[in-house]
Amino acid sequence: MRRRIFGRSIVVLGLSAALPSPAVATDWDAATASSNFGVFALSDVQLAERKIAVTPIGELELPTGEIIACDPLITTDDWPALARKVKPGRYPVTLFEAQGRVAAAFLRFRSGVPVRWELAVLPGQDVSTLNGDEIFGYPVDAGLGAFMDKAAMALMTAAQDKLKPDQNYYDDVLAAEFAPNQDRFVMHHPDAANPVNIAMFWSGWGDGFYPSFWGLDAVGEPVVLMTDFGVLENADGRENNQAK
């Protein structure tokens, strides 16, 4: 699935959309899909000046190292994990918040500032087939984004299957967990007896289509995985009139 970006609006491209010529494809650059990679190089003072709050929300269990980034309430258990895997472990999840919204969520694997960025893709997706204004990402229809291990999706599917016909997972399970955090985020355990959890968070402006990116170090190892919800612009959380 791919989308075309026009400012903050996104247009769905059908499966029959023509592939770009090789000359166009090789010009695709992650920086055209997000202007916010520089946020990781900002100091605390600079973040405050740009009206960006940094909110740690907990550690994510990744027992397989296969990560799913998705809207957790509309994604089924056949949604694939990202093509790039990481070493199994526990990794901190943090939010960038601005303008009263979750502007981006990121999962950090090691310290440091990424030196280059690449679009996070699913198996079979090829960045070389994208035009300059297209992205791969995930659809949001319930106002939420998430990071989870592949194993967590199976646990949540099992939990959803236990609901009664008149119940839904948000109202009857998640709402009470979101409430203490002003409905902005939660580290959810679909099975209370299992340490595997899911990082869930508001998705910026709400429903839409959002890309994720790997921030890599000098040898190509992941430093962070970030989903950009399109609230920040040029790593700045101020509205246009405030930033002048």
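Buried means under 20% relative accessible area, exposed means over 50%, and partly exposed lies in between (1.4 Å probe, protein chains only). The model is predicted: local features need pLDDT of at least 70, side-chain atom pairs count only at pLDDT 80 or more, and totals for chains, interfaces and linings use all residues. Residues are numbered from 1 along each chain as its sequence is written, and side-chain values use heavy atoms, with hydrogens and water left out.

**Exercise 1. Overview**

State how many helices and strands the protein has, and what share of its residues is buried.

Solution.
- Step 1: Count the elements. There are five helices and 15 strands. Helices (H or I, at least four residues) and strands (E, at least two) are DSSP runs, numbered from the N terminus.
- Step 2: Take the burial. Of 244 residues, 48% count as buried.
- Step 3: Check the sequence range of the contacts (heavy atoms within 4.5 Å). Among those between residues at least 6 apart in sequence, 75% join residues at least 24 apart.

**Exercise 2. Salt bridges**

Find the salt-bridge partner of Asp217 and locate both residues in the chain.

Solution.
- Step 1: Apply the rule. A salt bridge is a side-chain nitrogen of Lys or Arg within 4 Å of a carboxyl oxygen of Asp or Glu. The count by this rule is seven.
- Step 2: Find the partner. Asp217 pairs with Arg110, with the closest N and O atoms 3.7 Å apart.
- Step 3: Place the two residues. Asp217 sits in the loop between strand 14 (212–216) and strand 15 (222–228), and Arg110 in the loop between strand 6 (101–108) and strand 7, so the pair ties together parts 107 residues apart in sequence.
- Step 4: Assign exposure. Asp217 is buried at 17% relative accessible area. Arg110 is partly exposed at 37%.

Now list salt-bridge partners of Glu118.

Solution.
- Step 1: Arg84 meets Glu118 at 3.0 Å, N to O. Glu118 is in strand 7 (residues 116–119), while Arg84 is in the loop between strand 4 (67–70) and strand 5 (89–98), 34 residues apart.
- Step 2: Arg116 also bridges to Glu118, at 3.9 Å between the closest N and O atoms.
- Step 3: Compare with the cut-offs. Glu118 is partly exposed at 24%, Arg84 is partly exposed at 23%, and Arg116 is partly exposed at 41%.

**Exercise 3. Helix 4**

Decide which residues of helix 4 are buried and what they pack against.

Solution.
- Step 1: In helix 4 (residues 169–178), Tyr169, Leu174 and Phe178 are buried.
- Step 2: Look down the axis. These buried residues fall within an arc of 65 degrees, so they line one face of the helix. The arc is that of the directions from the helix axis to the C-beta atoms.
- Step 3: Turn to the face away from the buried side. Asp171 and Ala176 are exposed there.
- Step 4: Find the packing partners. They are strand 10 (144–149), helix 3 (150–161), strand 11 (185–188) and strand 12 (198–202).

**Exercise 4. Strand 10**

Work out how strand 10 is enclosed and which strands it pairs with.

Solution.
- Step 1: Six of the six residues of strand 10 are buried, so the strand is largely enclosed by the rest of the structure.
- Step 2: Sort the directions. Leu144, Ala146 and Met148 point one way, and Gly145, Phe147 and Asp149 the other.
- Step 3: Find the pairing (DSSP finds at least two bridges between the strands). Strand 4 and strand 10 pair antiparallel over four bridges, with Ala69 opposite Phe147.
- Step 4: Strand 12 also runs antiparallel to strand 10, joined by five bridges. Here Ala146 stands opposite Met200.
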